[in-house]
Every structure is written in C-alpha cells, then in structure tokens.
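Trainee: I should like to go through this model and ask how each label is justified.
Mentor: Please do; we shall set each value against its definition.

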Amino acid sequence: MAQENWTAVDEFVLLSFSTLQPELQLLLFTLFLTIQLVTLLGNTLIIVVTTSDSALHSPMYFFLRNLSVLEIGFNMVIVPKMLGTLLAHDATISFLSCATQMYFFFFFGVSECCLLTTMAYDRYVAICEPLRYPVIMSHRVCVHLAAASWLSGLPVATVQATWLFSFSFCHSNKVNHFFCDSPPVLSLVCGDTTLFEVYAIIGTTVFVMTPCLFILSSYARIVATILRMSSSEGKRKAFSTCSSHLVVVSLFYGSLSLLYFRPKSNNSPESKKVLSLSYTVVTPMLNPIIYSLRNNEVKAAVSRTFLRKYFSLHSD
C-alpha cells in the first residue's frame, strides 16, 4: 500500500531563495554573478601565471594550480544553475541533471579535501625536511600525489550519487536548497535510508575528517619546527610559505564544520543555505585572492606576466 503513494520523479524543484522578494533575488543574482566572474578570473590567472612563469615551477605552485582547476570546477557545478534560478526563476532541474550535479559536487569536494592535505604535506616536507625536499617531492611524486587527490573523489561521488538516486521518492519533489546536496534530496526519499546514512557518516569521517586531522598534525609539526629556529628571519620566511595555505584550509574546513557539526536544533534550512554559500561560492573566490595578496612570489610573477604581455603587444 505504501508504494501506491510513491511516484516516478523525473524532475526536482530547487526552492533556492524563492522566499525572498524579487528585488532581493535580483540583488543576489548581481552579487553572485560578480563573485563568479572574480572566481573564474582569479583562478584562471593563477593557472596561467604558475604555468608560464618558470620561477613558479615548484611543487607548491603545481599543487596550487591543481587547486585552482578544482575551484573552477566546483564553482561551475553550483553557481550557473543558481544564477538561472534567481534571474529566470526556472527552479526545475531534471532527475539526471540533479544526480549529475550531486556527483560532481562530491567529486570536487572530496578531491579538494585530499589536495589540501597533499599541500599540507608539501609544506611539512619543505619546512621540516628542507635538505631532503627535492628528493621527496620530485616531479614524479608530485604528479602521483595530485592524481591520487583527483581520483579520491571518484569512488565517493559514484557510490553516493548512484545509491541515493536509486531510491524511490515520495510525491514531493521540492529540494529546499539552491543545489542538489545530499541531505535535502535524501529527505524526499521513501523507505528506510539508515544504511545510506551510516555510509554517509563513515564517508565523511574517512574523506573529510581524516584529511583534516592529517593537516592539523602536519601543521603541529611545522609550528614546532619553526619555534625551534634561532633566526627570526628564518621563522618569518618559514611561516610565510605556509600561511596562505593555512588560511585557505581554515576557510574551507571552518565553513564545513559550521554546516555539518552544529546541533540539529540550530540547523534551519535557511541557515544551511547561507553556510553552504561560504564554501561553494565565497571560498573559491577568496583562494586566489589570498594566495595573490599573501605571497610575494605570486605577486611578482603576475607583474612579470603582465609586463611580458605589455611589451609583446607594443613590440608588434
């Protein structure tokens, strides 16, 4: 009898920010469009500069280039549909598109967690094992670490999205979010989802919290090594090489922690949307800005890139 109330869902409706006044939605559209343009421009600039400038052909900037590619992918999965919903009020998303969006959301999210961990390991070796750094972080090792970070998102995304969208859904198809995230879509499922929820908790622990603990452990050793340095200039240089990454990690994991580890009584749908914006929209924009402003090598490379472009244009 219960199955008689189930229906074949071929599309979902993203409620997004539909409760707001049209004027506020238009304001949000303008704001998010600006953020997206800054995100795409900033991360593309990081990719171009770290690729074209030989002074930045080091493991740290190799991983930074991969992070920028991830941020662009992460942004393109979420923001375009949200902008369309705000401007054209087209809140519908097909079943396949919703599953695809969730798949790439998990793929890029888990890959970023692992890549941030790899970057922390790179900083650990650079500061704690400086004499062995060229051997430990050879180009071949860096490529393998980056590939492992990217590939780590595949099993999580495949299992999570495939399993969740294999469930039957109740008559409601309204997703109370601005993208197809797992919790709001899961709330529409008919039937027992206990096993899936257990898997989700285990997956979060293994692929999100374990990298976080590894990063904390790496920085604990880095700080201990820096404090043992006798030279204040050496301490300053050592800290400056990892400060940008530490800020990025704090932003990413801070917003995730506020979203997924708050008491359920404080987790209203609207507050979840606001917190989700922090790591899906705002953080990808801030990352290139942080690395550009806090890193003299990147700032110098950007200047050299523009100067080369300027002189090449005028020489023609």
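Trainee: How do the residues of the lining of the largest cavity divide into nonpolar, polar and charged?
Mentor: In this predicted model, the lining holds 4 nonpolar, 5 polar and 2 charged residues. Met60, Arg123, Thr241, His245 and Tyr291 are the ones nearest the centre, among 11 lining residues. Met counts as nonpolar and Arg as charged, whereas residues outside the nonpolar and charged sets count as polar.

Trainee: Which elements give two or more residues to that lining?
Mentor: They are helix H3 (95-128) and helix H8 (232-260). H8 gives the most, with 5 residues.

Trainee: What makes this space a cavity rather than a pocket?
Mentor: A 1.4 Å probe fits in a cavity but cannot get out, whereas a pocket is open. The search of the whole structure finds 1 cavity of 30 Å³ or more, and the largest cavity contains about 70 Å³ of space.

Trainee: How do you know that the span of helix H2 agrees with its number of residues?
Mentor: H2 covers residues 59-88, and its 30 residues at 1.5 Å each should span 44 Å; the end C-alpha atoms lie 43 Å apart, so the two values agree. H2 nevertheless bends by about 35° at methionine 76, with proline 80 following within four residues.

Trainee: Why is H2 called mostly covered?
Mentor: Buried means under 20% relative accessible area, and 23 of the 30 residues of H2 are buried. Just after H2, histidine 89 has a positive phi of about 55°.

Note on methods. Residues numbered from 1 in each chain as written. Predicted model: local features only at pLDDT ≥ 70, side-chain atom pairs only at ≥ 80, totals over all residues. Heavy atoms only, no water. Expected span 1.5 Å × (residues − 1). Bend = angle between axes of the 7 residues up to and from the residue. Buried < 20%, exposed > 50% of the residue type's maximum accessible area, 1.4 Å probe, protein only. 1 Å grid on protein atoms, 1.4 Å probe; cavity = no way out; pocket = protein on both sides within 12 Å on 5 of 7 lines; lining within 4 Å. Points joined across faces, edges and corners; volume = space filled by probe spheres on them.
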